[in-house]
Amino acid sequence: MIDFSLSDEQRQIQSLARQFAKDVIIPNAASYDREESYPAEIVAQAAELGLLNTIIPETVGGLGLGMLEEVIIAEELAYGCMGIYTILMASELGITPILLAGSKEQQERFLSPLLDGPKLAAFALSEPDNGSDAAAMKTRARFEGDEVILNGSKMWISNGGIADLNVVFASFDPEKKHQGTLAVVVEKGTPGLSHQKIHGKLGQRATYTAELIFEDVRVPAANILGEPGDGFRIAMQTLDKTRIPVAAGSVGIARRALDESVSYAAERKAFGKPINRFQAIQFKLADIKIGVETARWQTYYAAYLVDAGLPHTQASAIAKTYASDIAFDAANEAIQIHGGYGYVAEYPVEKLLRDVKLNQIYEGTNEIQRLVIARTLTD
Ligand code: CAA
């Protein structure tokens, strides 16, 4: 028999994250979005409650939460604000390669300090000229003695510049393509590392997004995760996992779009009755609900596969694509239901649409996800 119920612990985690979204995120989200400012206090509170860096294993003093717990948290955070979700979840993204490929010593050295206060990790793969074609990376790594020297730049990095550590992917031998890449940890404050904050984003404006610039950045070779040559594989294995919380975040946005629309449609009157009495509106609400439920189950299924140690590349790509597509439609329809009020910042639904657009782009565009899914069918 399949068990669809959450454990007591998972329900507690859900209610903690839900309360945090309700009490702390939702009342403040609009102003961080408007000001394009980083919500340091909210991140600090999340850290205190145990909602940050949750996948750091118990062996180094962390909570060691599994993927299902992570997606439960992700949905609630995104229900509150997808931009704030991204700050917290991009840190889990930055931690994942260290869990996948870091030695015990590296896990202790890099992850244990992240538990000490509101500290963040970042994942630096994309570049100004290469996003989908990740293996074409131009950031160069060269070896000198027991050091690696990095030159180049990484683009669109969530938490870039404010993270305490960055997992950086670079090529040490472009001719070898994927097999000439490595993953290396670069800590904040390393000489030669600088950043430029990216301004003017459509949505997720509370997230600190930056270009990271590397000018003769020297790091110990002991910071390389796995072996030189493993970089691309580590990046792919990481994204196979972390696309699942993106799916969960999308479910959170779609659920918020539904709740806002249900309330508005009950209050707003037209032709002498609440608009929720009209089938045109009812069908929209029903379609959003279909999306929320189906996307959540695919997300939970992908998370289950990860936690069970089973192959999950295809399920994760399906979850990310489907959930972000239905969430985009949900936010769009929520605006339609709200009419003119949906088009202004006084109501929260216009922000949902601006925020969710990124879910169809980051951690691999939905076109790349379809490529990944198609390859599992044809290769
Ligand atoms: N797991 C393990 N290994 C994998 C793998 C996976 N999922 N996918 C590929 N590989 C291995 C292959 O087996 C192959 O290995 P060999 O060299 O030993 O044969 C190697 O990697 C190359 O594989 P491909 O030929 O499939 O590689 P490709 O160049 O055709 O690229 C791709 C495949 C799917 C398009 C990949 O480049 C990709 O996923 N691109 C999207 C990148 C992406 O998601 N970027 C997001 C950036 S992070 C971000 O957005 C976060 C943020 O800050 C918010």
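How many residue pairs are in polar contact across the interface of domain 1 and domain 3? The rule finds 12 such pairs, both residues at pLDDT 80 or more, a polar contact being a pair of N or O atoms within 3.5 Å in which, within protein, one must be able to donate a hydrogen and the other to accept it, while residues adjacent in sequence count only if both atoms are side-chain atoms.

The model is predicted, so local features need pLDDT of at least 70 and side-chain atom pairs count only at pLDDT 80 or more, whereas totals for chains, interfaces and linings use all residues. Residues are numbered from 1 along each chain as its sequence is written, and side-chain values use heavy atoms, with hydrogens and water left out.

The protein chain is divided into three parts, tabulated here with bounds that come from an automatic or database domain assignment.

| Domain | Residues |
|---|---|
| domain 1 | 8-115 |
| domain 2 | 121-232 |
| domain 3 | 239-378 |

The C-alpha centres of domain 1 and domain 3 lie 21 Å apart, and their contact, meaning heavy atoms within 4.5 Å, takes 26 residues from domain 1 and 26 residues from domain 3. Between them the two domains bury about 2,100 Å², 61% of it on carbon and sulfur atoms, where buried area is the accessible area (1.4 Å probe) that two parts lose on being put together, summed over both. In domain 1, Met 67, Glu 75 and Tyr 79 lose the most area to domain 3, together 34% of what that side buries.

Four salt bridges are also found across this interface, each defined as a side-chain nitrogen of Lys or Arg within 4 Å of a carboxyl oxygen of Asp or Glu. The side chains of Arg 255 and Glu 76 meet in a salt bridge, at 3.1 Å from N to O. On the side of domain 1 that touches domain 3, α1 (8-35), α3 (67-80) and α4 (82-101) each supply at least two residues, helices being DSSP runs of H or I with at least four residues and strands runs of E with at least two, numbered from the N terminus. The largest share of that side, 11 residues, comes from α3.

Elsewhere, Lys 197 lies in strand β6 (residues 193-197). The C-alpha atoms of Lys 197 and Thr 209, 12 residues apart along the chain, are separated by 5.9 Å, and the side chain of Lys 197 reaches the backbone oxygen of Glu 36 at 3.1 Å.
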